[in-house]
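Q: I'd like a close look at one part of this model: the charged side chains and how they pair up. Could you walk me through it?

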Amino acid sequence: MKLLLFDIDATLILTGGAGLKALDRAMERLFSLRGAMQGVAPHGKTDPAIIREIFQNKLHREHVSEEEISTVLESYVEFLHDEVERSDTYHVLPGIFEILESLKARNDVLLGLATGNVESGARIKLRRGDLNRFFAFGGYGSDSEDRAGLVRRAAERAAAHTSTRIENDQTFVIGDTPRDIDAGRRSGFRTVGVATGQHSVEELRAAGADFAIRNFDEGRDYFLRSTFME
Ligand SMILES: [Mg+2]
């Protein structure tokens, strides 16, 4: 049995900045802070880690409680519904539907998520592209502020979904940033870079990815061969 754990933002979909706008609106409503996300590089970070960074850098707060982070996340998720819905540039990335349809049909593959989004946010982002049906479980920013923690949580949930053992070297963490690759490696899994975000194939390989593709349209066959599925 193979386990494939997909990141969401810039790996499966692009939301056109819906998450950033929703977090901006949450911070403005709760703390009258404008432009919260300006100068914050969110790529590959978990939602709670991004919020902690805003508290520290924008509100100059050293200590941030779990309750405060939860309050921001609640407001963020409310705004996220609206921002994902109204985004003009939301789209599912090249080759994603095709690869997910073909993998879903196999009985030797389990599909899961490994994303820094909190679970409710992840499901909102995937709903507009009709991608939730491919993923019965995942690891989320709501499980762990540290990305490696949520990757491991995803693998634990996968184990609960199958009676067959899933070996570490049959588990693939797939994402668009060096943070995805680092989290996969720290968890003892294999890693696949997809250069549909801010990082090139070369950068993802240099970050330690076992292999990297430009996107799932061009890289589909190479991906299937390299994960020993073809
Ligand atoms: Mg990403």
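To start with one pair, are Glu 218 and Arg 214 buried or exposed?

A: Keep in mind that this is a predicted model. Both Glu 218 and Arg 214 are exposed. Their side chains form a salt bridge, with N and O 3.7 Å apart. That distance passes because the cut-off is within 4 Å, taken from a side-chain nitrogen of Lys or Arg to a carboxyl oxygen of Asp or Glu.

Now over to Arg 133, which has a salt bridge to Glu 101, where the closest N and O atoms sit 3.2 Å apart. This one ties together distant parts of the chain, since the two residues are 32 residues apart. Glu 101 belongs to helix 4 (residues 96-104), while Arg 133 lies in the loop between helix 5 (119-127) and strand 5 (138-139). Arg 133 also pairs with Asp 130, and here the N to O distance is 3.1 Å.

How open are these three? Glu 101 has 42% relative accessibility, so it counts as partly exposed. Arg 133 comes in at 40%, so it is partly exposed too. Asp 130 has 43%, and therefore it gets the partly exposed label as well.

There's also a network of salt bridges, and it links Arg 25, Asp 82, Glu 83 and Arg 86. Counting by the 4 Å rule, the tally comes to 23 salt bridges.

Methods: Residues are numbered from 1 along each chain as its sequence is written. This is a predicted model: local features need pLDDT of at least 70, side-chain atom pairs count only at pLDDT 80 or more; totals for chains, interfaces and linings use all residues. Side-chain values use heavy atoms; hydrogens and water are left out. Helices (H or I, at least four residues) and strands (E, at least two) are DSSP runs, numbered from the N terminus. Buried means under 20% relative accessible area, exposed over 50%, partly exposed in between (1.4 Å probe, protein chains only).
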